[in-house]
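User: I want to go through the calls made on this model and hear the reasoning behind each one. Please set each value against its cut-off.

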Amino acid sequence: MPKAGVVIVGSGHAGGTAAALLRQYGYAEPIVLIGEEPLAPYQRPPLSKAWLKGEADAETLMLKPESFYDESGVGLHLSTRAERIDRDAKAVVMAGGAVAPYETLILATGARARRIPLPGLDLDCVLALRTAADADALKRALGPGKRMVVIGGGYIGLEAAASARALGAEVVVIEREPRVLARVACETLSDFFQDYHRRHGVHFIFGAGVEAIVGGDGRAAAVKLAGDTLVEADVFLVGVGATPNQELAADAGLHCNDGIVVDLDARTSDPAIFAIGDCTRRPMPIYGGRLHRLESVPNALEQAKQAASAIAGRPAPAGEVPWFWSDQYDLKLQIAGLPFDAVETIIRGDVASAKFAVFHLDAQNRVRAVEAINAPPEFMAGRLLIGQGKAVAPDRLRDMSISMKEVAA
Amino acid sequence: MAKITYIAHDGSSRTLDVKSGLTVMEGAVKNNVPGIDADCGGACACATCHVYVDEAWVDKVGKPSAMEESMLDFAEGVQANSRLSCQIKVTDDLDGLVVTTPESQH
């Protein structure tokens, strides 16, 4: 009987990378990759940026060429839903009843766009942005003379807004909070992004409760705000966060808590099952081991490395500082770390000239996080400092005449 | 199209045909060449696609931009011939290029 090998559920960035790394690490048993989407693993970050603007082709988007999977002995089951995990039989049951037996299972099920209870959400022209199909639908709806309403001023919404402006479309961003990026960035950064987007012609409506999306003939035409204000548009992008796809794991009795809970090998509460990427809640060694859910490509890659190393019998990879990036217009935002326990913020550089960084220090003057706009040295040095847990002198950090190399030395 | 040789830290090497227009990083990642992580997929945001350009090719490949240089400044094991491979576009002129990957990208 053939060996069962590794089954990976989820063909996103995390799942695709895990398969590739297992082969790089010399894992020789069968690998099966099951994904709901019709496409082989591809990169999601460009969907709201270069892909949306039509600046990237399909070949660039794909993680690996189609031929890779055959050549590497990775069995691809695309457009296939995994229905349940039979832990006793060590097998994944797919829609239609086919069964994939596993020695080791990796769950890389990702996250889905959070749905808010909003009348009209199912009308045509109301979109989310998670998949290539979503991005293609959005791209078709954008162009000169078109108008997009974005519900939610998060990263996806802002990146899509910048791309839509580049395509000549009008953009209105509606945000419940008084500022954009309210949950994920500091106020200085929020203010900066709002100003920058405004200067590029984006309109904002803050503190606004969306009551419904209304339209006719099954097609959305406007957003109805509290007080009966209508905001009309051709397309509506809802970007209000993500929900981890943990149902498969939870139904199988794996420990979940707003994400599949894993350890630093990316192992779940079942030693034969790993989970990686957006679907997980993982320990953060730099931040006292607390558990956190990270939605980012670097995290997906780090956990793919952890799982592939454990499965292939390699030493665990060195811990990484979590980080994140976003491109909007000519801005490069790079964020390292998380502002846990931060009590002080230091601004280095000049906000007005769009070249600055915000450092977040804890009570011992250790850098916990840095948000850098067009400031790679601040990001890179900040990332090092966060990893080292070294205290810095706030005055030196503020002083642009002292280079980041010297500050970090 | 250009033939590019990727030499790993342990001395093992692979030579691949990489299409013009792709980057040296994409040539490696798409062919599952180990040693180049490219966390950001080519946005010049992470410095995890660091390579050493063979001395004979340094002039032809050219110098890094200011942005790339400031990322490289903080990468591990940087040398005069260091480049971020996501910032090197493959052209027919680079046929025969040889790059070496560092021991670690993190």
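Analyst: What follows takes the calls one by one, for a model that is predicted.

User: Why is Ser79(A) called exposed?

Analyst: The cut-off for exposed is 12 or fewer other C-beta atoms within 10 Å. Ser79(A) has 11 C-beta neighbours inside 10 Å, so it counts as exposed. The residue is found in the loop between strand 3 (74-77) and strand 4 (82-86) of chain A. Its phi is near 50°, a positive value in a residue other than glycine.

User: What makes Asn374(A) partly exposed?

Analyst: Buried starts at 20 or more, exposed ends at 12 or fewer, and partly exposed is in between. Asn374(A) has 18 other C-beta atoms within 10 Å, so it is partly exposed. Asn374(A) also has a positive phi, about 45°, although it is not a glycine. It lies in the loop between strand 26 (367-373) and helix 9 of chain A.

User: How do you know that Val92(A) is buried?

Analyst: Buried needs 20 or more other C-beta atoms within 10 Å. Val92(A) has 25, so it is buried. This residue is found in strand 5 (residues 91-94) of chain A.

User: Which residues is Val92(A) in contact with, leaving aside its neighbours within four places in sequence?

Analyst: The contacts of Val92(A) are Val7(A), Val9(A), Ile34(A), Ala82(A), Ile85(A), Ala100(A), Tyr102(A) and Leu105(A). A contact calls for C-beta atoms within 7 Å. The C-alpha atoms of Val92(A) and Leu105(A) are separated by 8.6 Å, but that is a C-alpha value. The two residues are 13 apart along the chain.

User: What makes the span of helix 5 of chain A close to the expected one?

Analyst: Helix 5 (residues 155-166) of chain A has 12 residues. The expected span at 1.5 Å a residue is 16 Å, and the helix reaches 17 Å from its first C-alpha to its last. Gly168(A) follows helix 5 of chain A, and its phi is positive, near 90°.

User: Why is helix 5 of chain A called largely enclosed by the rest of the structure?

Analyst: The call rests on burial: 11 of the 12 residues are buried, so the helix is largely enclosed. Among the buried residues are Tyr155(A), Ile156(A), Leu158(A), Glu159(A) and Arg165(A). The buried residues of helix 5 pack against helix 4 (132-141), strand 10 (147-151), strand 11 (170-175), helix 6 (187-199), strand 16 (235-238) and strand 22 of chain A.

User: Why are strand 9 and strand 12 of chain A said to stand at the edges?

Analyst: Five strands form an open sheet in the order 9-16-10-11-12 (chain A), with parallel pairing. Strand 9 (126-127) and strand 12 (203-206) each have a single partner strand, so one side of each is left without a neighbour in the sheet.

User: How do you know that strand 10 and strand 11 of chain A pair?

Analyst: Pairing needs at least two bridges. Five bridges join strand 10 to strand 11 of chain A, and the two run parallel. In strand 11, Glu170(A) is the bridge partner of Arg147(A). Helix 5 of chain A packs on the sheet, touching strand 10, strand 11 and strand 16. The direction of helix 5 makes about 165° with that of strand 11.

User: What makes strand 22 and strand 24 of chain A edge strands?

Analyst: Here the open sheet runs 22-23-26-25-24 (chain A), and the pairing is antiparallel. Strand 22 and strand 24 (344-350) have a single partner strand each, so one side of each lacks a neighbour in the sheet. The twist averages 10° from one strand to the next.

User: How do you know that strand 24 and strand 25 of chain A pair?

Analyst: The cut-off is again at least two bridges. Seven bridges join strand 24 to strand 25 (residues 355-361) of chain A, which run antiparallel. One pair of bridge partners is Ile347(A) and Val358(A), the latter in strand 25.

User: How many residues does each chain give to the contact between chain A and chain B?

Analyst: Chain A gives 23 residues and chain B gives 16 residues. Helix 9 of chain A gives the most to its chain's side, with five residues. By class, the side of chain A has 14 nonpolar, three polar and six charged residues.

Methods:
Residues numbered from 1 in each chain as written. Chains lettered and ligands numbered in written order. Predicted model: local features only at pLDDT ≥ 70, side-chain atom pairs only at ≥ 80, totals over all residues. Contact = placed C-beta atoms within 7 Å. Helix = DSSP H or I, 4+ residues; strand = E, 2+ residues; numbered from the N terminus. Nonpolar A, V, L, I, M, F, W, Y, C, P; charged D, E, K, R; others polar. Expected span 1.5 Å × (residues − 1). Axes fitted to C-alpha atoms, helices over the stretch in contact; angles between N-to-C directions.
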